[in-house]
Amino acid sequence: MTKVGVIGAGQLGQMLGYAGQRLGLDFVFLDPADRPPAASVGPVLKFAFDSTEGLRRLAAETDVITYEFENVPVDALATIAPGNPVYPPAAALQHAQDRLAEKTLFGALGIPVPGYRAIDSAGDLHRAAGELGLPVVLKTRRLGYDGKGQVVVRTADEIDGAVEQLGGKNLIAEQWVPFDREISAIGARNVRGDIVTYPLTENQHRDGILSVSRAPARAASLEARARDFLTSLLRHLDYVGVLALELFVVGDDLLANEFAPRVHNSGHWTIEGAQTSQFENHLRSILDMPLGDTGMRGSAGMINLIGAMPAARNIFDDRLWHLHEYGKDPRPGRKIGHATVVAADDAVRDKALKSMAEKLNI
Ligand code: AMP
């Protein structure tokens with residue numbers, strides 16, 4: 001039986017596992033956490049993500065290794081023997097881990113990005129503010145997620161404090177984009193190079209964390225361009241697995257924000273809303289199986305459940321809704337589940353989303 005090793009045993013690992021069980025796969029996870037969500041799927045090797053011993057054991061016990069988060073230490077992965085394939089490839093991780101390398105790659109592939117500058121001092125940001133104009137978004141180059149490690153700088157007075165707050169160096173300043181919408185383009189590429197892409201997803205964030213997604217995004221004029229950006233990234237990186245590209249829509253322009261070399265929160269709707277979920281297509285990719293149909297089963301929407309589960313679970317007792325609970329302890333700002341609606345059309349979907357958002361007080 002094929003065994004898949006997953007670095008990280010959070011909810012993404014858990015959902016990969018559930019999709020894989022239907023394909024007859026076995027899973028082993030690596031994660032230092034106590035009782036992580038994916039423990040419901042398979043054994044968890046309790047080691048730090050950069051533990052050479054942990055990674056070697058994972059490789060020894062499995063046929064192929066993948067990961068569920070992008071801050072996996074690239075040097076540690078290199079200790080895994082060449083006979084043990086690791087997908088997506090390290091080059092994708094390297095670019096996704098450093099916002100400057102990521103922006104440079106977008107530029108090299110002709111994918112438009114907001115104006116940006118590398119920042120290693122307050123002086124750099126004063127200069128960048130002059131060149132880019134204010135506001136700018138100052139971000140740490142590495143290890144930022146869900147809006148953490150970033151500050152909007154609106155006036156010149158805020159520059160010194162913002163640079164200090166984020167550690168003084170290894171930062172990037174980006175033009176603040178007055179976007180109309182945020183969308184993500186999600187696709188998969190298998191070992192032999194076949195590519196599939198999902199219909200675009202529109203995303204709303206609250207406090208830097210994804211709150212609501214809707215698919216399809218109804219962005220006909222942008223669909224082909226977004227798909228071209230995504231496929232050029234997948235091909236250039238000789239990518240294997242699912243990749244999510246986050247884009248800002250400003251008028252008719254598309255500007256790339258970042259990409260995630262993994263299954264993505266904005267693709268959770270694909271479990272019930274698409275013919276083949278992002279999780280199944282990720283597994284099909286890394287096992288070099290034919291990729292599954294990405295067509296929609298209806299008009300889909302997803303709401304993240306953040307911080308706490310609603311007291312009354314029966315709010316999801318409606319045939320349109322599908323509830324997912326990850327088995328995590330509730331904590332403010334923590335993603336502990338999500339709910340997906342699949343409806344006959346956008347109007348029914350949007351009505352269901354609106355009423356659920358009211359019940360959840362978001
Ligand atoms: P990130 O961690 O880069 O994905 O940023 C989290 C969220 O912050 C994004 O989804 C946007 O809503 C917002 N954001 C990030 N960068 C910018 C920008 N340059 N201009 C405007 N909003 C931004």
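This section describes two sheets, a ligand site and several backbone features of a predicted model.

The first sheet is open and comprises four strands, arranged in the order S3-S2-S1-S4 with parallel pairing. Its edges are formed by strand S3, residues 44-45, and strand S4, residues 64-67; each has a single partner strand, so one side of each is left without a neighbour in the sheet. Strand S1, which spans residues 3-7, runs parallel to S4 and is joined to S4 by four bridges. Within this pair, Gly5 is placed opposite Ile65 of S4. Helix H2, covering residues 52-61, packs on the sheet. The helix touches S1, S3 and S4 as well as strand S2, residues 26-30, and the direction of H2 makes an angle of about 175° with that of S2.

A second open sheet, also of four strands, follows the order S5-S8-S6-S7, and its pairing is antiparallel. Strand S5 (116-119) and strand S7 (150-153) are the edge strands of this sheet, each pairing on one side only. On average, neighbouring strands in the sheet are turned by 25° against each other when direction is ignored. The antiparallel strands S6 and S7 are connected through four bridges, and Val137 stands opposite Val152 in S7. Helix H6 lies across S5, S6, S7 and S8, and runs at about 175° to S5.

The ligand is surrounded by 16 residues, of which Lys139, Gln175, Val177, Glu182 and Glu258 come nearest. Classified by residue type, the shell around the ligand contains six charged, five polar and five nonpolar residues. Polar contacts to the ligand involve both side-chain and backbone atoms. For Gln150, a polar side-chain atom is located 3.0 Å from an oxygen atom of the ligand. In the side chain of Glu174, an N or O atom lies 3.1 Å from a nitrogen atom of the ligand. Gln175 contributes through the backbone, where an N or O atom is found 3.0 Å from a ligand nitrogen atom. The ligand taken alone exposes 470 Å², and the protein buries 90% of that area. Two or more residues of the shell are given by each of the following elements: strand S6 (136-140), strand S8 (171-175), strand S13 (241-250) and strand S14 (253-260). Of these elements, S6 and S8 also belong to the antiparallel sheet with the order S5-S8-S6-S7.

Two cis peptide bonds and one positive phi angle were identified in the backbone. The bond between Tyr87 and Pro88 is cis, with an omega of about -5°. Pro88 is situated in the loop that connects helix H3, residues 74-77, with helix H4, residues 90-97. A cis peptide bond also links Leu134 to Pro135, and here omega is near 0°. Pro135 belongs to the loop between helix H6, residues 122-132, and S6. H6 is the helix that lies across the strands of the antiparallel sheet, and S6 is among the elements that give two or more residues to the ligand shell. Asp207, although not a glycine, has a positive phi of about 50°. The position of Asp207 is in the loop between strand S11, residues 201-206, and strand S12, residues 209-215.

Conventions:
Residues are numbered from 1 along each chain as its sequence is written. This is a predicted model: local features need pLDDT of at least 70, side-chain atom pairs count only at pLDDT 80 or more; totals for chains, interfaces and linings use all residues. Side-chain values use heavy atoms; hydrogens and water are left out. Two strands pair if DSSP finds at least two bridges between them. Contact means heavy atoms within 4.5 Å. Axes are lines fitted to C-alpha atoms, for helices over the stretch in contact, and angles run from 0 to 180 degrees between N-to-C directions. A residue is near a molecule or strand if one of its heavy atoms lies within 4 Å of it. A polar contact is a pair of N or O atoms within 3.5 Å; within protein, one must be able to donate a hydrogen and the other to accept it, and residues adjacent in sequence count only if both atoms are side-chain atoms. Accessible areas come from the Shrake-Rupley method with a 1.4 Å probe; for residues, only the protein chains shown count as cover. Ala, Val, Leu, Ile, Met, Phe, Trp, Tyr, Cys and Pro count as nonpolar, Asp, Glu, Lys and Arg as charged, and the others, Gly among them, as polar.
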